[in-house]
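Visitor: I would like to see where this protein leaves room, and what fills it. Please take me through the terms as we go.

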Amino acid sequence: MQEAVIMLTRIDHIGIACRNLDETIAFYQRTYNFSVFHSEVNEEQGVREAMIKINETDDGHATYLQLLEPIRDDSPIAKFLAKHGEGVHHIAFGTADVKAAADAIAEKGVQVLYPEPRRGTMGSSITFLHPKDCGGVLTELVQAAASEDTH
Ligand code: CMX
Ligand code: CO
């Protein structure tokens with residue numbers, strides 16, 4: 001049987017855990033002149049977040065920094081901050097088909113945290129791969145919403 005080709009076509013974002021979103025945005029603004037492209041609250045993920053757009057990518061989307069502040073003590077970001085402090089929390093690869101990519105990766109023995117993708121930033125569909133199966137790197141897969149405006 002021929003192996004499925006998994007198309008991950010960009011770094012969609014790097015997720016950064018912080019305790020204070022406004023102070024972290026201010027750091028990126030004053031240090032690099034970066035500005036916030038989009039912000040939202042994702043209740044299910046337990047975060048307030050801000051996306052800083054870094055560059056557009058060959059596949060018609062973009063690469064971002066995702067700054068994440070917890071809104072609940074039992075959320076993944078709150079747990080991570082308590083254990084590791086502030087810093088890089090995950091990397092996210094972009095794909096045109098998150099479900100197909102996740103299914104193909106699961107076949108390789110990597111634990112997919114959401115077999116059915118959930119709602120991510122800007123209406124995207126997301127899932128995560130367990131860090132214990134990925135060399136200690138929490139890895140997200142992202143399929144951008146059809147209407148994502150990267151301009
Ligand atoms: N990177 C690397 N390792 C991590 C990690 C991370 N971000 N988060 C947890 N771990 C490690 C822990 O250090 C721990 O390792 P040890 O067993 O060696 O101590 C192990 O994974 C278990 O960690 P835990 O603190 O007990 O946490 P849980 O098992 O309850 O949860 C995880 C871990 C990955 C399942 C959970 O964080 C999760 O479901 N993440 C996906 C959702 C998410 O992160 N949402 C926020 C971002 C939303 C977005 O990007 O839009
Ligand atoms: Co993310």
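Visitor: What volume does the largest cavity have?

Guide: The largest cavity has a volume of about 80 Å³. A volume here is the space filled by probe spheres set on grid points, which are joined across faces, edges and corners. The model is predicted: local features need pLDDT of at least 70, side-chain atom pairs count only at pLDDT 80 or more, and totals for chains, interfaces and linings use all residues. Residues are numbered from 1 along each chain as its sequence is written, chains are lettered from A and ligands numbered from 1 in the order in which they are written, and side-chain values use heavy atoms, with hydrogens and water left out.

Visitor: Why is one space called a cavity and another a pocket?

Guide: On a 1 Å grid over the protein atoms alone, a cavity is a set of points where a 1.4 Å probe fits but cannot get out. A pocket is an open set with protein on both sides within 12 Å along at least five of seven lines. Lining residues have an atom within 4 Å of a point. The count comes to one cavity of 30 Å³ or more.

Visitor: Which residues line the largest cavity?

Guide: There are 13, and Asp12, Thr121, Met122, Ser124 and Val142 are closest to its centre. Strands β1 (10-17) and β8 (139-143) each supply at least two lining residues. Strands are DSSP runs (E, at least two residues); helices are runs of H or I, at least four residues; both are numbered from the N terminus.

Visitor: What takes up the largest pocket?

Guide: Ligand 1 does. A molecule sits in a pocket if more than half of its atoms lie within 2 Å of the pocket's grid points. The largest pocket holds about 810 Å³ of space. Its lining has 29 residues, with Pro76, Phe80, His89, Pro131 and Leu138 nearest the centre. Helix α2 gives the largest share of that lining, six residues.

Visitor: What makes a residue part of the shell around ligand 1?

Guide: One of its heavy atoms must lie within 4 Å of the ligand. By that rule 17 residues surround ligand 1, the closest being Gln45, Lys79, His89, Lys132 and Glu140. Here too α2 gives the largest share, five residues.

Visitor: How do you know that Lys79 makes a polar contact with ligand 1?

Guide: A polar contact is a pair of N or O atoms within 3.5 Å. A polar side-chain atom of Lys79 lies 2.6 Å from an oxygen atom of ligand 1, so the pair qualifies. Side-chain N or O atoms of Gln66, at 3.0 Å, and Lys83, at 3.2 Å, also pair with ligand oxygen atoms.

Note on methods
Polar contact = N/O pair within 3.5 Å; in protein donor to acceptor, adjacent residues only side chain to side chain.
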